[in-house]
Amino acid sequence: MLRIAVPNKGTLSAPAAQMLRDAGYRQRTDAKDLVCRDEDNNVEFFYLRPRDIATYVGSGDLDLGITGRDLLVDSGVPARELLDLGFGGATFRWAAPAGASSSESGIGGSRIATAYPGVVERYLAERDLKAEVVRLDGAVENAVRLGVADLIADVVETGTTLRQAGLVTFGEPLLRSSAILIGRDDEGTEAKAAQLVRRLQGVLVARSYVMLAYDVRADLLENATALTPGIESPTVSPLHREGWVAVQAMVRRAEVHRIMDELYELGARAILVTDISNCRL
């Protein structure tokens, strides 16, 4: 039975569970449950702290897990990213007092406060920079004001909290994180994860695309299908009305309204949009 770790709380928990449901897997119905067995799919889900998931997967006690890219990097365990799940985005940035050094060269020799020492240490090692990393569990923004550090590395959303602490961001992001599926860094991981990855990819595509159907004159078909090429090719069927065809194609959800407008201006009619709940491509 495949053993998969899922976040038990936090911002990743609900989206991860919903994505697994959309992929056809059973999930717990009580937030207090720590384990959920899906006998039909031969999978057992374990609900763990997001920060611990990489550790369990890296040790081999669990086969796969859903966690943040930042938490995987921070853990330093022998596990690797298998699939970006497209939610839980976060950006790690440097921040220092206004007027202080605002370049990468100023990082070397500094004291850096962070709740993600593994992320910072990897960044420093990749660039051969030397600095003192001060690990804090929270309220990182106050570290500079309290004299604990010269600058910080933390998740930045709006930057409001940083500004209140007299800090400003600088440089390129250390890391752009999101929710990911992870497995051990060995040859057997991909085989174990194949079906799950295929199902989750189907959910990702379904969330990004819709099915567009419309009728158009046959002499306008080439121009119409240029707007709706589909994933591989659109489906075209003759209509009872002579000289007209029906077309179906998957189009990106974000572009569907523009495409509908352009099709209508071209002469297409009966333009319909249908949501896709899942797919296999």
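These notebook entries record what I looked up in a predicted model.

**Ground rules**

I number residues from 1 along each chain as its sequence is written, and I leave out hydrogens and water, using heavy atoms for side-chain values. Because the model is predicted, I require pLDDT of at least 70 for local features and count side-chain atom pairs only at pLDDT 80 or more, while totals for chains, interfaces and linings use all residues.

**Entry: cysteines**

I searched the whole structure for disulfides (a pair of cysteine sulfur atoms within 2.5 Å) and found zero. I then looked up the accessibility of two cysteines, taking buried as under 20% relative accessible area, exposed as over 50% and partly exposed as in between, with a 1.4 Å probe and protein chains only. Cys36 counts as buried because its relative accessibility is 4%. Cys279 also counts as buried, at 14%.

**Entry: the largest pocket**

I searched on a 1 Å grid over the protein atoms alone, where a pocket is an open set of points that a 1.4 Å probe fits, with protein on both sides within 12 Å along at least five of seven lines; lining residues have an atom within 4 Å of a point. The largest pocket has a volume (the space filled by probe spheres set on the points) of about 540 Å³. Its lining has 21 residues, and Thr11, Leu12, Asp70, Leu71 and Tyr116 are the closest to the centre. I noted that helices (DSSP runs of H or I, at least four residues) and strands (E, at least two) are numbered from the N terminus. Helices α2 (50-59) and α3 (69-75) each supply at least two lining residues. Domain 1 (1-86 + 175-204) and domain 2 (88-174) each contribute at least three; these bounds come from an automatic or database domain assignment.

**Entry: the annotated segment**

For residues 206-278, an unreviewed UniProt entry lists "domain: Histidine biosynthesis HisG C-terminal"; such annotations may be inferred rather than shown by experiment. I found this stretch to be 29% helix and 40% strand, with its end C-alpha atoms 5 Å apart.

**Entry: two helix residues**

I located Glu222 in helix α7 (residues 221-227). Glu222 counts as exposed because its relative accessibility is 68%. Its C-alpha atom is separated by 41 Å from that of Ala193, 29 residues apart along the chain.

I located Ser75 in helix α3. Ser75 is partly exposed, with a relative accessible area of 26%. From Ser75 to Ala249 I recorded 43 Å, C-alpha to C-alpha, with their positions 174 residues apart in sequence.
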